[in-house]
Amino acid sequence: MSLTDLQRKKILYAFHLWDANGDGVIEQIDFEQYSDNVAGLLKLEPTSEGAKAIKAHFQGLFERQLQASDTDKDGKISEKEFLDHYAKDYVIPNNIEAIMKTATEIFTFVDRNRDGEIDLQEYIFFLAAWRVPEENAKKAFSILTENSGKLSFEKFLHYCKEFWLSDDPNSIGNNFFGILDK
């Protein structure tokens with residue numbers, strides 16, 4: 001079994017979100033940029049304990065991603081390596097457990113007020129760290145919440161799963177990381 005065109009498109013969309021400097025590879029500097037983005041969005045001083053904790057979190061994410069994807073061991077993740085990893089470890093085997101684990105970690109990070117739901121501002125914050133424009137985030141949030149204004153933990157997990165696994169071009173989850181052009 002292989003990836004469909006839509007699954008490939010979504011994986012590459014995620015790759016380009018995570019390639020912060022747009023140089024065609026994901027490397028440590030990209031995740032450092034994301035940790036700086038998050039700290040900046042939270043108005044944290046770079047040397048504060050909060051900023052250091054965010055940096056450590058993103059460093060861990062990068063190290064796990066690198067270990068799973070960097071097949072040539074050059075310290076960088078190419079599009080092909082990223083695509084192969086997500087196809088082999090998530091999409092083709094329909095690895096719901098791994099996707100749910102990652103989605104739960106993301107939800108815990110994004111639900112800043114700990115009310116068990118993601119609101120518009122939290123979602124905009126989540127996508128702003130990945131450089132998704134606010135208008136794109138607002139449109140995606142409206143679709144994901146069906147204009148309810150809240151995204152529950154269950155729906156968050158469901159749409160994350162749809163993003164990675166669905167081959168339905170009309171799936172709401174295709175917009176999990178922002179509006180995905182059809």
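**View 1. Surroundings of N174, in the segment that follows helix α8 (153–165).** The model is a predicted one, in which local features need pLDDT of at least 70 and side-chain atom pairs count only at pLDDT 80 or more, while totals for chains, interfaces and linings use all residues. Residues are numbered from 1 along each chain as its sequence is written, and side-chain values use heavy atoms, with hydrogens and water left out. N174 has a relative accessibility of 4% and therefore counts as buried (under 20% relative accessible area, 1.4 Å probe, protein chains only). Leaving aside residues up to four places away in sequence, N174 touches L6, K10, E162, F163, D168, P169 and L180 (contact: heavy atoms within 4.5 Å).

**View 2. Polar partners of the N174 side chain, K10 and D168.** The side chain of N174 makes a polar contact with the side chain of K10 at 2.8 Å, and the N174 side chain also reaches the backbone oxygen of D168 at 3.0 Å. A polar contact is a pair of N or O atoms within 3.5 Å; within protein, one must be able to donate a hydrogen and the other to accept it, and residues adjacent in sequence count only if both atoms are side-chain atoms.

**View 3. Helix α1 (residues 5–18) against helix α4 (residues 79–91).** The two axes, which are lines fitted to C-alpha atoms over the stretch in contact, come within 10 Å and cross at roughly 125°, with angles running from 0 to 180 degrees between N-to-C directions. Contributors to the contact include I11, F15 and W18 of α1 and F82, L83 and Y86 of α4.

Key
Helix = DSSP H or I, 4+ residues; strand = E, 2+ residues; numbered from the N terminus. Buried < 20%, exposed > 50% of the residue type's maximum accessible area, 1.4 Å probe, protein only.
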